[in-house]
Amino acid sequence: MDSQSLLPAASPADIFHAVGAMGDACLEARLQRLAWVERKALVALLVHLSEFDSRRLYADRGQPSLFAYCRGILGYSEQGAYKRIQAARAAREHPVLLDRLASGDIHLAGIVVLAPHLAADNTLALLDATRGKSIRELERVAAGLSPRADAADSLRVLPRPAMLALPPAAPAG
């Protein structure tokens, strides 16, 4: 695959000019198409990242971890690298995540939130129940899947305040 074919041929200024000249319907159709292409590209990236991880090729490239490879070689931010690695690993276990990501039913951040809670017996039901949810909604669902016990009440004795030593009173005079 020629990497140059993935890059736009025009300069950003030319692209802005061309997009500015589009009609509303054309702009919206193009935007929806680009979002679809982006999701498909992300799915392909996650599959490749997962395979790269399983082969531990980052070590052959002088990187101590896949995270370091994603940061140093691929140029992702810490958060971008983390999310892609988590999603790639989750998708290896639950390939249906990639179908749902490609369709727009779930987003990258949503996969990261739900991944720790996915099991063979609940993946489809959980993905169906969370289709199209925001990150905050998914966090609430995830919290309900792994509730934590309330912290136990506790009392502790506070140290007694130290008495301040006052200097001796000056003689009246």
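**Exercise 1. Does F52 count as buried or exposed, and what is its relative accessibility?**

Solution. The model is a predicted one, and the values below are computed from it. F52 has a relative accessibility of 15%. Since the cut-off for a buried residue is under 20% relative accessible area, F52 counts as buried.

**Exercise 2. Find how many aromatic pairs the whole structure holds, and describe the geometry and sequence context of what is found.**

Solution. A search over the whole structure gives one aromatic pair. The partners are F52 and Y69, whose ring centres lie 4.6 Å apart and whose planes make an angle of 35°. Because planes under 30 degrees apart would count as stacked and those over 60 as edge-to-face, the pair is classed as tilted. To place the pair along the chain, note that F52 belongs to helix 2 (residues 24–54) and Y69 to helix 4 (residues 66–72), so the contact ties together parts that are 17 residues apart in sequence. As a last step, consider the exposure of the partners: F52 is buried at 15% relative accessibility, and Y69 is buried with a relative accessible area of 13%.

**Exercise 3. Determine how many disulfides the structure holds, and classify C26 and C70 by their accessibility.**

Solution. A disulfide is a covalent bond between the sulfur atoms of two cysteines. The structure holds zero disulfides. Turning to accessibility, C26 has a value of 43%, which lies between the cut-offs of 20% and 50%, and C26 therefore counts as partly exposed. C70, by contrast, has a relative accessible area of 0% and is buried.

**Exercise 4. Which residues form a nonpolar patch on the surface, and where does I15 lie?**

Solution. The patch is formed by I15, V19 and L27, which together have about 200 Å² of accessible area. I15 is located in helix 1 (residues 12–20). With a relative accessible area of 34%, I15 is partly exposed, and this value is over the 30% that a patch residue needs.

**Exercise 5. Describe the overall build of the protein chain, going from its helices and strands to its dimensions and burial.**

Solution. Begin with the elements: the protein chain has nine helices and zero strands, and its pattern along the sequence reads α-α-α-α-α-α-α-α-α. Next, take the radius of gyration, which is 27 Å for the protein chain, whereas a compact globule of 173 residues would have one near 16 Å. The box filled by the C-alpha atoms, taken along the principal axes, is roughly 95 × 50 × 45 Å. Finally, 27% of the 173 residues of the protein chain count as buried.

Definitions and conventions:
Residues numbered from 1 in each chain as written. Predicted model: local features only at pLDDT ≥ 70, side-chain atom pairs only at ≥ 80, totals over all residues. Heavy atoms only, no water. Disulfide = S-S within 2.5 Å. Buried < 20%, exposed > 50% of the residue type's maximum accessible area, 1.4 Å probe, protein only. Phe/Tyr/Trp six-rings, centres within 6.5 Å; stacked < 30°, edge-to-face > 60°. Helix = DSSP H or I, 4+ residues; strand = E, 2+ residues; numbered from the N terminus. Patch = residues over 30% accessible without salt bridge, like charges linked within 9 Å, V, L, I, M, F, W, Y side chains within 5 Å. Areas by Shrake-Rupley, 256 points an atom, 1.4 Å probe, with all protein chains shown as cover. Salt bridge = Lys/Arg side-chain N within 4 Å of Asp/Glu carboxyl O. Rg over C-alpha atoms; globule rule 2.2 N^0.38 Å.
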